[in-house]
Amino acid sequence: MLLRHTPKEVTKRSALVINPAKTCQPIGAMYAALGIHGCLPHSHGSQGCCAYHRSALTKHYKEPISAATSSFTEGASVFGGQSNLLQAIENIFTVYEPEIIAVHTTCLSETIGDDIKQIRDKAEKQGLIPKGKHVIYANTPSYVGSHVTGFSNMVKGMTELSVSTGKKNGKVNVIPGWVEPSDMEEIKRLAALMNVPITLFPDTSGVLNGPLSGEYHMFPEGGVTVKELTEAGDAIGTLALGEWCSADAARNLDTKCKVPCKVLDIPFGLKATDRFIDALRTIAGTNVPDEITRERGQLVDMLSDTHQYYYKKKVAIYGDPDQVISMVEFLVSIDMCPMHIVTGTSGAKFEKRIKELTAHLPYEVNVKAWGDMFLLHQWIKNEPVDLLIGNTYGKYIARDEDIPFLRWGFPILDRVGHQYFPTVGYKGGLRLLEKILGLLLDRKDRDDPETVFELTL
Amino acid sequence: MATKNKLVQWTPTEVKEELLKKYPPKVARKRAQSILINEALENTTPEIQANVRTIPGIITMRGCTYAGCKGVIMGPTRDIVNIVHGPIGCSFYAWLTRRNQTDPGPDGENYMPYAFSTDMQDSDIIFGGEKKLRAAIQEAYDLFHPKGICVFATCPVGLIGDDIHAVSREMKAKFGDCNVFAFSCEGYKGVSQSAGHHIANNQVFRHLVGTEDKEREGEYKINLLGEYNIGGDGFEIDRVLQKCGITNIATFSGNSSYNQFATAHKADLSCVMCHRSINYVADMLETKYGIPWIKVNFIGAHATAKTLRKIGQYFGDKTLIDRIEAVIAEEMPAVDAAIADIRPRTEGKTAMLFVGGSRAHHYMELFGELGMKTVSTGYEFGHRDDYEGRQVIPGLKVDADSRNIEELEVEADPNNYHARKSEDEKQALTASGLEFKKYDGLIADMEKGTLIIDDLNQYEAEKLVEIIKPDLFCAGIKEKYSIQKLGIPMKQLHSYDYGGPYAGFKGAVNFYKEIDRLVNSKVWSYMKAPWQENPELSATYVWE
């Protein structure tokens, strides 16, 4: 047994987190910043954070992740990191020549209280920011919230670039939330099919799923441009996908530039996708083309074809709040039974939303925000499940408890595909369903006695 | 940046100039001292700047002190509960991410697949986290009853003034049957992982080594210092040692256990693999207990044979020496057969090695066995002695950034010190070629005109590859994919790309096969589509 010390009996813990279902803010900010074209993320702290965040993202994407750091020393940690950041800004623009630097902070610089805005303004006065280039920032203290909070803070930081000219440009802002480059591509495809001009930010497609061609570009073609971010202030509206990931940015645009916003769920599964498409149609005043309706029909068709295999199957799921909420809704909508649900991110709203989504189920659902995977495992020991859904770290539980395991979420360190194939939209729903079915049927094929082993399922 | 420009012959001086050209003047001056063109002198080694602060914004490969302490040295110990006192990230990123394999047996304690954290919140930053730490230690004790609990500080802990040592002392006294101690390895200390190694060495030595007095059974007792069992390296080394009849009392710290550390003072020789991370413990074991140390290298089949012979020479026992020769004779045919098969496909190819603090040197042996030339190397966080040899240590100046790393003073233990070899015996061994406390460093093994670069950064890595076009580049995960985008095969020498072992005899064969695969893969021939290789149509193609 890999997790041999996890007891079945659940005891209350008030201080010790074991096997977290979250990580810290800055990695979310780094991921978001990579969704801006020509952007170099910068970590204002000691360099270990930056190395760890780059490594984690690299292992997830199998792609280069560039980011710089202020490389605090003990001296800077006591007297402030201003000179480190000023030097960094000069060195980055000279050596790496990005269009924009997106600075985030760590628990170090937050604890000592470095004023990033003041340092940025100083850099500007000293002429360290070349003309036409930009430095944006987000405060991302690691001791508040989780990586999701950091993502949200940096996306909000992006909206500080937005300006309202008073004249609407007919475009719709879509803030996709923390989804994969493949998902962002899918959202753009759907909008294009609907003929709705959108500004998607952040947009990591083209950045974190690039080709191998013998050339390396630190700043690939993809990403939302600074110009697009500036013009986001003139959009007719904003669709924010995910309360935790995207709502703050959308509300900031509303306050700052009077761009009305609507907060939706990330479009995983049938219903959340329905709501997304419907909202996009309404806000842009267009019709949904037959092609999308057909894709939807294909998903419904597959649901009906295969319903017998997942009906009433028990599921344990952990991950980030926005993603887990949509996924739980999807599972419930196809008559699966989510039983144990954990997010490492805090928020009473999460537990409330999950309870609403599972209210009609004939059993008690275990749900915890700011929970950890140790607790989830204990729940599973007490009430076994047929499927486990979550990031790579779940493989230890899956192996010990012999549960089919769907890798979904962040990070996925031991499989590929998430960077290339979407799980949002109807197409993404088809893929999710295909993967779930594959797992359940592989298990059936493994376990069925030879006498009842079937050719056709 | 493209690699498609024509091959031009660059002199080392031109390469160095090119690397520095784009930097602001101050940065160029500083980097110039860390980029060395090797002169391959007879008796002296050229001086390189190392172990100095990182240039902000340069895109370094380096990590932090916490990583060096918790991630590297203490992480691999299976039966100690390692609690990270800090916000969640530090704990999360060190959770199973280094491939320190472990074999706890069917019922042994094994906390390796767990990450323990106090998950500090803003209220802990404001009001202090000692209370929460105390509660976390208690909860860990109640849940697991481990032999030991270690506490690791992260960046904010030092700033807010939590006294993790006092809390640990208090809890240790309270439990009575669980050793609790702490590491002040805040990420901002020192300039790299290196400071964390030193801090870990000090605390393990102070709180754990020598705490158990039970005599360990076995002949020819050694400690293997600085071997972390990445991809099973330690397993392979143990297999070979066992076959030779050599007893490994304690590995620092791959596949290690609490009791191994506690009885490390029962060994008669310390064998140092990774000099950078563990030389402090090696020195202290000698001073306090009289255990001499030698530098060894199990990376490379011939290096392994040489190391085994050194151990045989140290003990000077004919039975052991004969057995070692028999083992080498038994293991080498498989190695020779692999080399005979593979070397024709690797001969003459070039490699670059930029790895932590020791592998950039060790792996040169393996490449040598494949007939490959190492054209450029460097460490992330090596010190000058790792580059130039330990003879420079007396002249090293500790700069302001590393001054606050504790130097632990130890003296001979009144009860447990006994010199394993008398001064005369040591001198005789030295005269016959076995050198104690000696490490010549990386530069000595590099050819004239090669480039040795400390704390290589992203910009320099790209430039180097673009100019020199090696057949293989070795570094870590952060470098891997940008190098591969340039069309150059890239081998991770931290994680081994999830393969291994590469140590010992079997490991060497694994490595040969892996390098053969990498430098001869078809993948790199597919980078251009047919229409890109021949883009201009001279005539209209007519379908028949």
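Let us start at one spot between the chains: Lys485(B) forms a salt bridge with Glu63(A), with 3.0 Å between the closest N and O atoms (a salt bridge being a side-chain nitrogen of Lys or Arg within 4 Å of a carboxyl oxygen of Asp or Glu). The count between chain B and chain A is 3 salt bridges. The model is predicted, so to speak of local features requires pLDDT of at least 70, side-chain atom pairs count only at pLDDT 80 or more, and totals for chains, interfaces and linings use all residues. Residues are numbered from 1 along each chain as its sequence is written, chains are lettered from A in the order in which they are written, and side-chain values use heavy atoms, leaving out hydrogens and water.

Now step back to the whole interface. Here 84 residues of chain B are in contact with 76 residues of chain A, contact meaning heavy atoms within 4.5 Å. About 7000 Å² is buried between the two chains, and carbon and sulfur atoms give 63% of it; buried area is the accessible area (1.4 Å probe) that two parts lose on being put together, summed over both. In chain B, Lys485(B) appears again: together with Pro56(B) and Tyr93(B), the residues that lose the most area to chain A, it makes up 12% of what that side buries.

Finally, look at the strands. Strand 1 (residues 17-18) of chain A pairs with strand 3 of chain B in the antiparallel sense over 2 bridges. Strands here are DSSP runs (E, at least two residues), numbered from the N terminus, and two of them pair if DSSP finds at least two bridges between them. Within this pairing, Val17(A) stands opposite Ser117(B).

Conventions. Helix = DSSP H or I, 4+ residues; strand = E, 2+ residues; numbered from the N terminus.
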